[in-house]
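Student: I've got a structure open and I'd like to talk through how it's packed. Can we go over it together?

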Amino acid sequence: MIQMIVITLSAQPYVKIETDEILIRDAQSALDLIASVRMRTDCDRVAIPREAFESSFFRLSTGLAGEVLQKFVNYRMKLSIFGDFSREKSKPLMDFIKETNRGNQIFFVPTAEEAGLRLCGG
């Protein structure tokens, strides 16, 4: 089941996704989620738990992360992926997360609260 909770922080609304299923399996499922968030909430910022992504998303060699994240950028949807990344053993993934977090469109953060702060400019 998927829940879209609209939260306003610093006068900016964003959607926090709560789910117990994998939502992002490929580029098309990312597009479907983007469209659903926009149609149901009219928000352009979304926080999604790490567990909602297919595990291959976090293996950069699959190309899935780049393909999915490009959809969020193309459709101007700010994205914050929240969860525990501290146990990652992949140096390329950790470097990718560090570099991505330097931007202002996509973020990898440890908590849902921090996801909201990053999405709303905090």
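Tutor: Sure. One term before we start: buried means under 20% relative accessible area, and exposed means over 50%. Also keep in mind that this is a predicted model.

Student: OK. Which residues of helix α4 are buried, then?

Tutor: In α4, residues 112-119, the buried ones are Ala112, Ala115, Gly116 and Leu119. Looking down the axis of α4, these fall within an arc of 95°, so they line one face of the helix.

Student: And what do they pack against?

Tutor: The buried residues of α4 pack against β1 (2-9), β2, β3, β4 and β5.

Student: What comes right after α4?

Tutor: Gly121 follows α4, and its phi is positive, near 80°.

Student: Let's move to the core. How many residues are in the largest nonpolar one?

Tutor: The largest nonpolar core has 29 residues. Ile17, Val46, Ile48, Phe57, Phe72 and Phe108 have the most contacts inside it. At least two residues each come from β2 (12-19), α1 (27-41), β3 (45-49), α2 (64-74), β4 (78-82), α3 (91-100) and β5 (106-109).

Student: Which element gives the most to this core?

Tutor: That's α2, with five residues. And apart from this core lies another one, of nine residues, among them Tyr14, Phe107, Val109 and Leu119.

Student: Is there a general reason why nonpolar side chains would be buried together?

Tutor: There's a general tendency at least: in soluble globular proteins, nonpolar side chains tend to be buried together.

Student: Back to α2. Which of its residues are buried?

Tutor: Leu64, Ala65, Val68, Leu69 and Phe72 are buried in α2. They cover an arc of only 110° around the axis, which puts them on the same side of α2. The buried residues of α2 pack against α1, β3, β4, α3 and β5.

Student: β3 keeps coming up. Why is it largely enclosed by the rest of the structure?

Tutor: Five of the five residues of β3 are buried, so the rest of the structure largely encloses it. Arg45, Ala47 and Pro49 point one way from β3, while Val46 and Ile48 point the other way, and all are buried.

Student: What does Ile48 touch?

Tutor: Not counting residues up to four places away in sequence, Ile48 touches Ile17, Leu33, Phe53, Phe72, Leu79, Ser80, Ile81 and Phe82.

Student: Ser80 is on that list. Where does it sit, and is it buried or exposed?

Tutor: Ser80 lies in strand β4. Ser80 is buried, with a relative accessible area of 0%. Leaving aside neighbours within four places in sequence, Ser80 is in contact with Val46, Ala47, Ile48, Phe107, Val109, Ala115 and Leu119.

Student: Now the strand pairing. In what sense do β3 and β4 pair, parallel or antiparallel?

Tutor: β3 and β4 pair in the parallel sense, over five bridges. For example, Arg45 has Lys78 in β4 as its bridge partner. Between those strands the chain crosses through α2, and this β-α-β crossover is right-handed.

Student: And β2 with β3, over how many bridges?

Tutor: β2 and β3 pair over two bridges, in the parallel sense. The bridge partner of Lys16 is Ala47 in β3. β2, α1 and β3 make a right-handed β-α-β unit.

Student: Switching topic: how many aromatic pairs does a search of the whole structure find?

Tutor: It finds six. Phe53 and Phe57 form a tilted one, 4.6 Å centre to centre with 45° between the planes. The rings of Phe57 and Phe58 have centres 5.0 Å apart and planes at 75°, so that pair is edge-to-face.

Student: Are those rings buried or exposed?

Tutor: Phe53 and Phe57 are both buried. Phe58 is buried too, with a relative accessible area of 9%.

Student: Which residues make up the aromatic cluster?

Tutor: Phe53, Phe57, Phe58, Phe85, Phe96 and Phe108 form one aromatic cluster.

Student: Last thing, backbone angles. What's the phi of Arg76?

Tutor: Arg76 has a positive phi of about 50° although it is not a glycine. Most residues other than glycine have a negative phi. Arg76 lies in the loop between α2 and β4, and at 66% relative accessibility it counts as exposed.

Student: And what about Ser10?

Tutor: Ser10 isn't a glycine either, and its phi is positive, about 55°. Ser10 lies in the loop between β1 and β2, and it counts as exposed at 58% relative accessibility.

Terms used
Residues are numbered from 1 along each chain as its sequence is written. This is a predicted model: local features need pLDDT of at least 70, side-chain atom pairs count only at pLDDT 80 or more; totals for chains, interfaces and linings use all residues. Side-chain values use heavy atoms; hydrogens and water are left out. A nonpolar core is a set of buried Ala, Val, Leu, Ile, Met, Phe, Trp, Tyr and Cys residues joined through side-chain atoms within 4.5 Å. Buried means under 20% relative accessible area, exposed over 50%, partly exposed in between (1.4 Å probe, protein chains only). Helices (H or I, at least four residues) and strands (E, at least two) are DSSP runs, numbered from the N terminus. Contact means heavy atoms within 4.5 Å. Two strands pair if DSSP finds at least two bridges between them. A crossover is right-handed if, with the strands pointing away from the viewer, the path from the first strand over the helix to the second runs clockwise. The arc is that of the directions from the helix axis to the C-beta atoms. Rings of Phe, Tyr and Trp (its six-membered ring) pair if their centres lie within 6.5 Å; planes under 30 degrees apart count as stacked, over 60 as edge-to-face and the rest as tilted.
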